[in-house]
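Please explain how this chain is built, moving from its strands to its cores and then to its loops. The account should suit a reader who has not met the structure before.

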Amino acid sequence: MKHQFRILLISLSLAFGTLLHAEPLSELARISLLTCTPGADLYARYGHTAIRVLDPTNDLDVVFNYGTFDFNADHFYWKFVRGETWYELGASPYYWFMQGYGDKNRPVYEQVLNVTAEQREALWQALLNNYRPENREYLYNFVFDNCATRPYVLIANVLGDSIISDYKGYTGVSYRSFIRHYTGKYTWANFGINLLFGPKADQPMNSEQRLFLPEELMYYMQQAHLSNGTPLVSEGEIAPFVISSTPWYASWPFGLAMYFIVICIVSFIDRKRQKLSSWVDWIFCILFGLLLVLVTFLTFFSCHPLVGFGWRLLILPMTHLCARFIYILR
């Protein structure tokens with residue numbers, strides 16, 4: 001049902017987009033950066049970014065969204081695993097866009113760009129050009145090319161001037177630590193990400209590399225100005241993202257502790273009866289082997305830039321082996 005609803009929204013957005021015209025914007029028009037707060041689903045944990053074009057004179061209020069994709073595309077999940085997911089620029093009425101986030105109780109912050117009439121028109125025409133059928137699709141990359149980086153690059157290119165920001169944020173922090181802030185340090189999602197991420201994820205980010213996350217882009221733009229000192233944002237109230245906490249009983253340390261205790265109990269029973277329950281070890285070896293196959297595949301045959309072999313992969317076998325010492329050292 002969710003997939004069907006998403007397909008309907010994509011169809012409506014495409015149909016709405018055909019009604020857009022390339023007429024110049026009026027003097028009352030304004031262009032804003034929209035930042036959507038995180039949702040409950042893993043893919044929504046990082047928030048979202050879009051661009052709003054409002055022109056009351058021409059009865060125009062449209063949101064351009066670089067985060068549109070189709071679950072029912074051919075071989076979607078296979079392409080997603082390989083990092084070959086094609087996203088596209090969607091256009092929808094502002095009311096539809098806000099209603100979708102309002103239904104999920106996800107606040108949306110708006111930052112009105114402080115641009116001249118010529119710059120505003122250039123942004124509008126650039127968005128329309130990106131929305132052309134031959135231009136709207138792009139190869140999505142979670143870190144280097146996503147719904148947040150696309151609006152920033154478009155704005156920076158159109159302004160024709162270097163954007164300078166006083167916001168330092170997480171400059172110098174690694175990708176791994178940065179992402180952990182949004183997934184939650186002790187969530188199973190973060191544990192899985194750490195198993196898949198290799199040494200490249202521990203590289204420190206510079207000022208612009210961290211803008212792949214919507215909240216960082218929001219803060220960066222709020223404190224940005226052009227080389228002539230003009231503030232980039234004329235108005236807009238923003239607030240920090242609220243990251244939901246994980247109950248202790250749903251955390252990965254608790255889960256691993258329970259696994260360790262269970263294997264210790266099995267090992268203790270095996271020691272008492274002087275017989276090894278090899279099926280326990282076989283199940284673990286098979287599951288861990290599948291994990292290694294997945295990491296190997298993603299490392300050598302996918303486009304994911306941060307995936308690779310790292311020491312965190314040893315957490316699982318070391319936990320199992322330590323629990324087995326009760327039997328091994330009998």
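**From one strand to the whole chain**

Valine 62 is found in strand β3. The model in which it lies is a predicted one. Is valine 62 buried or exposed? Its relative accessible area is 0%, and because buried means under 20%, valine 62 counts as buried. Along the chain, valine 62 and isoleucine 51 are 11 residues apart, and their C-alpha atoms are separated by 8.4 Å.

Strand β3 comprises residues 60–68 and pairs with β4 in the antiparallel sense, over five bridges. Within this pairing, valine 63 stands opposite serine 92 of β4. Strand β4 itself spans residues 86–93 and is mostly covered, with seven of its eight residues buried. Strand β4 is also joined to strand β6 (residues 137–139). These two strands run antiparallel and share three bridges. One pair in this set is glutamate 88 and glutamate 137, the latter being the bridge partner in β6. Of strands in general, it may be said that in a regular strand the side chains alternate between the two faces of the sheet.

A further group of strands involves β1, which covers residues 30–36. Strand β1 is mostly covered as well, since six of its seven residues are buried. Which strands pair with β1? One is strand β2 (residues 48–55), which pairs with β1 in the antiparallel sense over seven bridges. Isoleucine 51, already mentioned for its distance to valine 62, stands in β2 opposite leucine 33. Another is β5, which runs antiparallel to β1 and is joined to it by five bridges. There, cysteine 36 has valine 108 of β5 as its bridge partner.

The nonpolar cores may be considered next. The largest nonpolar core holds 57 residues. Among these, Val53, Phe64, Trp124, Ile155, Ile163, Phe212 and Met221 touch the most other members. Helix α4, made of residues 117–131, gives the most to this core, with six residues. A second core, separate from it, has 10 residues, including Phe191, Phe284, Leu291 and Val295.

Arginine 82 offers another point from which to view the chain. This residue is in helix α2, which runs over residues 76–82. Arginine 82 has a relative accessibility of 25% and counts as partly exposed, because that class lies between the limit of 20% for buried residues and that of 50% for exposed ones. Which residues are in contact with arginine 82, once its neighbours within four places in sequence are left aside? They are Phe297, Phe301, Ser302, Cys303 and His304. By contrast, phenylalanine 64 is 18 residues from arginine 82 along the chain, and the C-alpha atoms of the two are separated by 27 Å.

Two loop residues deserve attention for their backbone angles. As background, most residues other than glycine have a negative phi. Asparagine 105, however, is not a glycine and has a positive phi of about 55°. Asparagine 105 is found in the loop between α3 (94–102) and β5 (108–113), and it is exposed, with a relative accessible area of 69%. Glutamine 274 likewise has a positive phi, near 60°, in a residue other than glycine. The loop that holds glutamine 274 lies between α9 (252–273) and α10 (278–301). Glutamine 274 has a relative accessible area of 55%; since exposed means over 50%, glutamine 274 is exposed.

These details may now be set within the chain as a whole. The secondary structure comes to 11 helices and nine strands. Taken along the principal axes, the C-alpha atoms fill a box of roughly 85 × 40 × 35 Å. The chain has 330 residues, of which 45% count as buried. Among contacts with a separation of 6 or more, 77% are between residues 24 or more positions apart.

The surface and the charges complete the description. The accessible surface of the chain comes to about 17500 Å², and 63% of this belongs to carbon and sulfur atoms. The chain carries 26 positive and 27 negative charges, and the mean positions of the two sets are 19 Å apart.

Definitions and conventions
Residues numbered from 1 in each chain as written. Predicted model: local features only at pLDDT ≥ 70, side-chain atom pairs only at ≥ 80, totals over all residues. Heavy atoms only, no water. Helix = DSSP H or I, 4+ residues; strand = E, 2+ residues; numbered from the N terminus. Buried < 20%, exposed > 50% of the residue type's maximum accessible area, 1.4 Å probe, protein only. Pairing = 2+ DSSP bridges. Contact = heavy atoms within 4.5 Å. Core = buried A, V, L, I, M, F, W, Y, C linked by side-chain atoms within 4.5 Å. Areas by Shrake-Rupley, 256 points an atom, 1.4 Å probe, with all protein chains shown as cover. Lys, Arg positive; Asp, Glu negative; His and termini not counted. Charge placed at Lys NZ, Arg CZ, Asp CG, Glu CD.
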